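The following account leads the reader through one protein structure, beginning with a single strand and moving on to cores and helix contacts. Please keep the sequence and the model in view while reading.

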Amino acid sequence: MKHITVIGSGTMGNGIAHTFAMHGFEVALFDISKEALDRAIITITANLDRQLKKGAIDEQLKAATLNRIAVFTELETAVSNADLVVEAATENKEIKLNLFKQLSNLCREGVILASNTSSISITEIAAVTKKPGNVIGMHFMNPVPLMKLVEVIRGFATTDEVTNKIMDLAKQLDKVPVEVNDYPGFVANRILMPMINEAICTLYEGVAGVEEIDTVMKLGMAHPMGPLQLADFIGLDVCLAILNVLYNGFGNQKYAPCPLLVNMVNAGHKGVKSGAGFYKYVSGNKELVVADKFIVR
C-alpha cells in the first residue's frame with residue numbers, strides 16, 4: 001500500500017494523515033470544508049515543528065511529510081488512487097454508514113476500507129458495503145503521532161488477509177497493533193469509558209471535587225492524566241456517544257451515562273474543544289486555568 005486516503009481533517013484525521021505521510025506514504029486528506037483542511041495543515045505543521053524542536057525529526061523529514069499530503073474537497077477525486085481509506089469522520093453512526101456506502105461505490109476493486117471509530121460496530125459498517133470482507137477497524141489513539149497503540153478491529157466478515165495487511169501496516173507506522181473482535185466499545189473504550197463515567201458520577205454525588213478525583217487517580221493509580229481531565233481532552237460529547245453505544249449494545253445499567261455528563265453536553269460544555277468542561281481552558285489550549293470553580297448542577 002502506497003496511497004492512503006484519510007476522510008476527515010479534525011484532530012484524529014490530521015493526526016492520522018501526519019503519521020502516514022511521515023512514514024513515507026502518499027496521503028490524500030479529504031474534508032467537505034476547505035477551511036477545515038487549511039486548519040489541518042496548520043495543525044500538522046505546528047506538530048511537526050514540535051517534533052523538530054525535540055529532535056525527533058529533522059527539517060528534511062518535516063518538508064517531505066508536508067509534501068506528501070494533498071488536500072481534497074471532492075470525495076471521488078480523493079479516493080481515486082487509494083489503496084487504503086481510513087475514515088476519521090464524526091463519531092455518528094448514520095454519517096459513517098452513509099460514507100461507507102459512498103466509498104464502496106467510488107473506490108476501485110480491492111481497496112481496504114478502515115474506520116477509526118472508537119465504538120461503532122465494524123460489522124454494521126461493513127454490511128452497507130459491497131465487500132464486507134475488506135472492511136476493518138483501525139482505531140488510533142490521540143495524539144496519533146505519539147501514541148503507540150492501534151486497535152485493529154475485525155468485523156464479522158473481515159478476512160484474514162485484510163487483518164494481516166492492516167496489522168503489518170500499523171507496524172510500518174511504528175505502532176503496536178492489537179487485534180480485537182467487534183463488540184461494543186471494543187477493548188479500549190469498553191474499559192476506559194465506564195471508568196470516566198464512574199468518575200463523573202463520583203463528582204455528581206458529591207464524594208469529591210474535580211481536582212481531588214483526578215489527583216487520586218494520578219497519584220494513587222499512576223495515571224498520567226486524571227479521568228475528568230482526560231474526558232475533557234477526548235471531548236465530553238464523544239464520551240457520551242461512546243457510552244450510549246455501550247448502553248444500547250449491552251443493555252446493562254452500568255453503562256448508562258451519568259446525568260451530569262448528559263447535562264454538560266446539552267449545555268455545550270464539551271471540554272477542550274469548547275473551552276469548558278470539568279476544567280476551563282483559554283483559547284482552546286490544553287492548559288488548565290481554572291479547576292476549582294466547577295459546580296454540580
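Helices and strands are here DSSP runs numbered from the N terminus, a strand being a run of E with at least two residues. The model is a predicted one. In these terms Arg 154 belongs to strand 7, which covers residues 149–154. Is Arg 154 buried or exposed? Arg 154 has a relative accessible area of 17%, and because buried means under 20%, Arg 154 counts as buried. Leaving aside residues up to four places away in sequence, Arg 154 touches Thr 159, Asp 160 and Thr 163, and its contacts also include Glu 179, Val 180, Asn 181 and Asp 182.

From this strand the account turns to the nonpolar interior. The largest nonpolar core comprises 34 residues. Those with the most contacts inside this core are Ile 16, Phe 20, Leu 84, Val 86, Met 138, Phe 140 and Ile 166. Helix 1, residues 11–22, gives the most to the core, contributing six residues. Apart from this core lies another, of 26 residues, which includes Met 193, Cys 201, Leu 261 and Tyr 281.

Phe 140 shows how parts of the chain meet in the largest core. With residues up to four places away in sequence not counted, Phe 140 touches Met 12, Ile 16 and Phe 20, together with Val 86, Asn 116, Leu 149, Val 150 and Leu 173.

Helix 1 also packs against helix 2, residues 34–53: their axes come within 10 Å and cross at roughly 55°. Helix 1 and helix 2 are therefore oblique to each other, and their crossing is right-handed. On the side of helix 1, the contact is made by Asn 14, His 18 and Met 22. On the side of helix 2, the contact is made by Ala 40, Thr 43, Ile 44, Asn 47, Leu 48 and Gln 51. What is the character of these residues? Four are nonpolar and five are polar, while no charged residue takes part. A general point on helix geometry applies when such lists are read: an α-helix has 3.6 residues a turn, so residues three or four places apart point the same way.

Two loop residues come next. Gly 110 is located in the loop between helix 5 (93–106) and strand 5. Its relative accessible area is 46%, so Gly 110 is partly exposed. Gly 110 and Ala 82 are 28 residues apart in sequence, and their C-alpha atoms are 9.9 Å apart in space. Ser 118 occupies the loop between strand 5 (112–115) and helix 6 (122–127). With a relative accessible area of 10%, Ser 118 is buried. Not counting residues up to four places away in sequence, Ser 118 touches Glu 91, His 139, Gly 185, Phe 186, Asn 189 and Ile 242.

The next helix pair consists of helix 8 (residues 188–204) and helix 9 (residues 210–221), whose axes come within 9 Å and cross at roughly 140°. Helix 8 and helix 9 are therefore oblique to each other, and helix 8 passes helix 9 in a right-handed crossing. Met 195, Ala 199, Thr 202 and Leu 203 of helix 8 meet Val 210, Ile 213 and Met 217 of helix 9. The residues of this contact comprise six nonpolar, one polar and no charged.

Val 210, a residue of helix 9, has a relative accessibility of 3% and is therefore buried. Val 210 and Leu 228 are 18 residues apart in sequence, yet 7.0 Å apart in space from C-alpha to C-alpha.

Leu 228 leads to helix 10, residues 227–234, in which the buried residues are Pro 227, Leu 228, Gln 229, Ala 231 and Asp 232. Just after helix 10, Gly 235 takes a positive phi of about 110°. How do helix 10 and helix 11 lie to each other? The axes of helix 10 and helix 11 (residues 236–250) come within 5 Å and cross at roughly 95°. The two helices are therefore roughly perpendicular to each other. Ala 231, Asp 232 and Ile 234 of helix 10 make the contact with Leu 236, Val 238 and Cys 239 of helix 11. Five residues of this contact are nonpolar, none is polar and one is charged.

Note on methods:
Residues are numbered from 1 along each chain as its sequence is written. This is a predicted model: local features need pLDDT of at least 70, side-chain atom pairs count only at pLDDT 80 or more; totals for chains, interfaces and linings use all residues. Side-chain values use heavy atoms; hydrogens and water are left out. A nonpolar core is a set of buried Ala, Val, Leu, Ile, Met, Phe, Trp, Tyr and Cys residues joined through side-chain atoms within 4.5 Å. Buried means under 20% relative accessible area, exposed over 50%, partly exposed in between (1.4 Å probe, protein chains only). Helices (H or I, at least four residues) and strands (E, at least two) are DSSP runs, numbered from the N terminus. Contact means heavy atoms within 4.5 Å. Axes are lines fitted to C-alpha atoms, for helices over the stretch in contact, and angles run from 0 to 180 degrees between N-to-C directions. Angles under 35 degrees count as roughly parallel, over 145 as roughly antiparallel, 65 to 115 as roughly perpendicular and the rest as oblique. A crossing is left-handed if the near helix is turned anticlockwise from the far one by less than a right angle, and right-handed if clockwise. Ala, Val, Leu, Ile, Met, Phe, Trp, Tyr, Cys and Pro count as nonpolar, Asp, Glu, Lys and Arg as charged, and the others, Gly among them, as polar.
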